[in-house]
Amino acid sequence: MLRSACISIALRNQGPDAFKPELYGKAIIVEQIISTQGTRQYRLKSESEHVISRKKEELNMILEHFNIQVDNPVSILNQEMSKLLLKSKSGTEKYKFFMKATRLEQMQEDYSQILQTKTITREKIAKQDEYLAELKKKVKEMERRYKSLEHLNDQQEKLEQLKNQMAWALVIEIEKELESIKDCLNREQINEITYNQKLEEWQAKVNFAELKLKAAQDQLQKITDVKVQSRRQLFTLKESMQKKKKACKESEATFHLCKSQLEQLEKDHDRLQRQLEELSRGGQSSQTNLTEPKNGINNLQQQLKPLKQEEATTLQQIENCYNAIGNLKDEQDNLRHEEQSLKNMVQSKESELNKLKASGMNWLKRFNENMPAFLHKVDEAHKQGRFRKKPIGPLGACFKLKYPELALAVESCLRNLLLSFCCDNYRDEQVLQSLMSQYFNPGKRPQINVCEFSNQVYNIKNRAVYHPEFPTVFESLEISNPVVANCFIDLRNIERILIIKSNSRAREIMQLQRPPANCREAFTAAGDQVFPNRYYSSETDRARYLGGDVESKIRELEVELNDKKSQLLHCQQRSNSIKDEIKLFYTNISNTQKKRRQIQERITKIKLEIGDLENIEDPQPFHIPTLRKETQDICHRIESAQNNLERARMDLDVHRKLLEEDEKKYKEIQGKEHSLAEEIDSRKEELSKVDTEIETYKQKEKHFKGERNKQLERLNELKKRLESKERILERDIAKARQICVQRLEVTRDPKSIDEEINCLREMINKAQEVHGNKEETTRQYFEILKLQKNMQSEVKSLKMFMQLIDEIMKERHKAYESFLKFMSIRCKLNFSILLSKQHYYGMIKFDHKNRDLSITVERGEGMKTGQDDMRSLSGGERSFSTVCFILSLWDSIESPFCCLDEFDVYMDMVNRRISIDLILRVAESIQCDQFFFFTPLTTSFLPKGDQIRTFHLHDPERGQTTLPFASPDEPEDSDD
């Protein structure tokens, strides 16, 4: 199946009129490709079938070169035109055919277009005449202004002199600035030495304070060890005292027993003495009625048992009271520490609550109570021009959190940077520090970061952390200011820090696995800091500066504060109750000891009574020798009892002395322990002071180190400024020498010179406003003068050209009319000659005014039928007459070939034969041209010869209903 068809025509390209013979050769092959979609393409090939061009413009040039008139119906008469011409009876259509065939129609159209162009040109000339008149007025005005500006030369010369002075004045001013910078550089170099000395001094103080702190810590440790040792001694002494108290009580009981025995023996001795005296006086002894001693002893022993049990109970009570007092004192110490801790926590919570309440009215107060007033002061200083670029801060107020739940993690990461400020240069930093000194204490001033402000955030693509689950600190923040983002990147590397909500997940990613690329650390949602080899827990559980909902935080903090206050109140109440309990226990001990002494007295009394009853013997008969012997025996026993009593007294004194020594030693050690505790407290206070002193020294050291670094930066900046100013000076000197070669020693400052220049320029501008700028006016004057001359020349040329065109058009019009007349006569003559060859008589009448053409044909020469037109002729005769009309026009064209398609379809066989013979004779007479004739009828009668070629096409298939074209989607057959 075919998708396209190709029509190929070969044109002879030889002789002197050949078209580009070096490119195409001796033949030009024109191919037209027609596709099934209806598109057409041209290919122009050379003799060797090499494609030269595919452009339609190239084909049009070839047609014009060879005078191939494709649109001329006489040259190429297609089927539709042939039918229309053969059937047409209108003279107007025939006249149009005649005009088109002879190309007179084209000449007429060209003539009309030239007339139209001529009219437009005349209008243009009229407009240019008007414009030229206005231009002459402008030239006169510009000439007047040009002449009036000549007196400005003096002012221009003065202006040039001032410009020369200005150039060298700027150089002299930069030289002065350069000297000032050198002076500042010398001062800064002197300051560098001072800062280094200060830094060394504070470093020495820090080292000395650290040594002092270490010595104090060693002394505190020694005192603590002594206190522990003394506590152990107290414990040992306490046990020894208890033993000695027990021994003393036993000695006291023995002493009292010996004393009662001695008293009893003395009573017996007195009784025996009295008996001896009575016996010696010879008195009658009376018998004494005695009670039964055994019953008395039994009763007394029964009374002694509950008293001993009661004494043991009171002793146990006293011991329990002392143990309870010791426990209460330990609890009291713990409560004292807990109370102090709670007081600190309450004070901290109240301060934080006050800050949060203040931040509810102004959220900047979260960073500091004085922050709003300080920022207002910074704004005023910026409006006054004290800053080159307004500082940015606090940085915690310059961004927003994408994820509010990560506030504590972000705050733990950035820390003190949230309170810091950014300055563009060190001069702005000094101004900001002077403002800070009015609102912040020296140790609590916000940090100042000096970095050059930029309008673009750093490119962190190659060094940032990328994790599919967790964001970095940089990704968690919405930072609109590039300066803030760059500061965080420089000082904290926030693009390399991950935020992982879960603590376990953070440990797993950072420690159990290999950390992500470029990741140096991570933070959890609880604020914990995670490194690959260590883990630090957060000291706080709430975001202080980046908290979102202030009201909810205030409520939470109030609840916590009330809870801490209630704990503090409970602690104080418990401490007071412990004091009361200790007092009560001491009162109970005092009462119990009093009761114990009473019980001991009763026990001693009962024991003496028992001893007395045990000593009572049965009554014996009184004999003087016996009584004397008993008296002597009692005397010996009294001596022995006295000795026992003396030994018991001495033993008691020894035990008491030992007990008093232990008690004295106990009190001494206890006093020493109290003094040690006081000394420990004082040492702790001293340690705290030394620690504070070290911190202060370190802050001073840090301050001077920062000041030294800033001073070094200022020194480097001054050196850079010096180099920059030197370069600027060299450049300005070069510029000044370009303006004025010789150096001018100018005493005036550039500002006054600039004012004089501006004043002089204003005067010149005012004069130029009236008369115009001299250079501009001069330029405009000569331009408009040149324009006037060009316009005059152009108008003159156009008028001369119009005159020439008028003359040419007259000649052309005459030639056109002559040519039209000549072509009409020639057509008439050829038509009559062609008709006469078949014994016809006819003529053509032209009405050029009405654009009409009529053909009259008669049968037989000289025979008049009375018919003026061709209506009386048959169809074949009319077709023959039309063929003669076409043939009569062949002589009027100069086409290399002619084509006739189906010219004989309406002729009978006789007229057809006559017409073909006539056409062949005419074609044979024109040997330089080619003729193509297409007919559906037989051509068997044509003569045979070298100049005539006949081509017969195959008959079409009559039963075929569709053409064998392939669809665009079907592939072509390989045979086509």
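## A cis bond in a loop

Where does Pro394 lie? Pro394 sits in the loop that runs between α8 and β6 (399–401). Keep in mind that this is a predicted model. The reason to look at this loop is its backbone: going from Gly393 to Pro394, the peptide bond is cis, and its omega is near -10°. As background, most peptide bonds are trans.

## Two residues with positive phi

Most residues other than glycine have a negative phi. Glu49 goes the other way, with a phi near 60° even though this residue isn't a glycine. You'll find Glu49 in the loop between β3 (40–45) and β4 (51–53). Its relative accessibility is 54%, so Glu49 counts as exposed, the cut-off being over 50%.

Asn518 is another non-glycine with a positive phi, this time about 70°. Asn518 belongs to the loop between α12 (503–512) and β11 (521–524). Is Asn518 buried, exposed or partly exposed? Asn518 counts as partly exposed because its relative accessibility is 33%.

## Aromatic pairs

How many aromatic pairs does a search of the whole structure find? The search turns up six. One of them joins Phe374 and Phe440 edge-to-face, with 5.3 Å centre to centre and 75° between the planes. That contact links distant parts of the chain: Phe374 is in helix α8 (residues 371–383), Phe440 is in the loop between α10 (426–436) and β8 (448–450), and the two are 66 residues apart. Both Phe374 and Phe440 are buried.

Phe531 and Tyr536 make an aromatic pair as well, edge-to-face, at 6.2 Å centre to centre and with 85° between the planes. Here the two partners have their own burial labels. Phe531 counts as buried because its relative accessibility is 12%, while Tyr536 is partly exposed, with a relative accessible area of 42%.

Back to Phe374 and Phe440: ring pairs tie these two residues into a cluster with Phe421 and Tyr439.

## A negative patch on the surface

Which residues form the negative surface patch? The members are Glu173, Asp749, Asp754 and Glu755. Glu173 is part of helix α6, which covers residues 153–281. With a relative accessibility of 34%, Glu173 lands in the partly exposed class, and that value also fits the patch rule, because patch residues need over 30% relative accessible area.

Definitions and conventions. Residues are numbered from 1 along each chain as its sequence is written. This is a predicted model: local features need pLDDT of at least 70, side-chain atom pairs count only at pLDDT 80 or more; totals for chains, interfaces and linings use all residues. Side-chain values use heavy atoms; hydrogens and water are left out. Patches are made of residues with over 30% relative accessible area and no salt bridge: like charges are joined within 9 Å, nonpolar side chains (Val, Leu, Ile, Met, Phe, Trp, Tyr) within 5 Å. Accessible areas come from the Shrake-Rupley method with a 1.4 Å probe; for residues, only the protein chains shown count as cover. A salt bridge is a side-chain nitrogen of Lys or Arg within 4 Å of a carboxyl oxygen of Asp or Glu. Lys and Arg count as positive and Asp and Glu as negative; His and the chain ends are not counted. The place of a charge is taken as NZ of Lys, CZ of Arg, CG of Asp or CD of Glu. Helices (H or I, at least four residues) and strands (E, at least two) are DSSP runs, numbered from the N terminus. Buried means under 20% relative accessible area, exposed over 50%, partly exposed in between (1.4 Å probe, protein chains only). Rings of Phe, Tyr and Trp (its six-membered ring) pair if their centres lie within 6.5 Å; planes under 30 degrees apart count as stacked, over 60 as edge-to-face and the rest as tilted.
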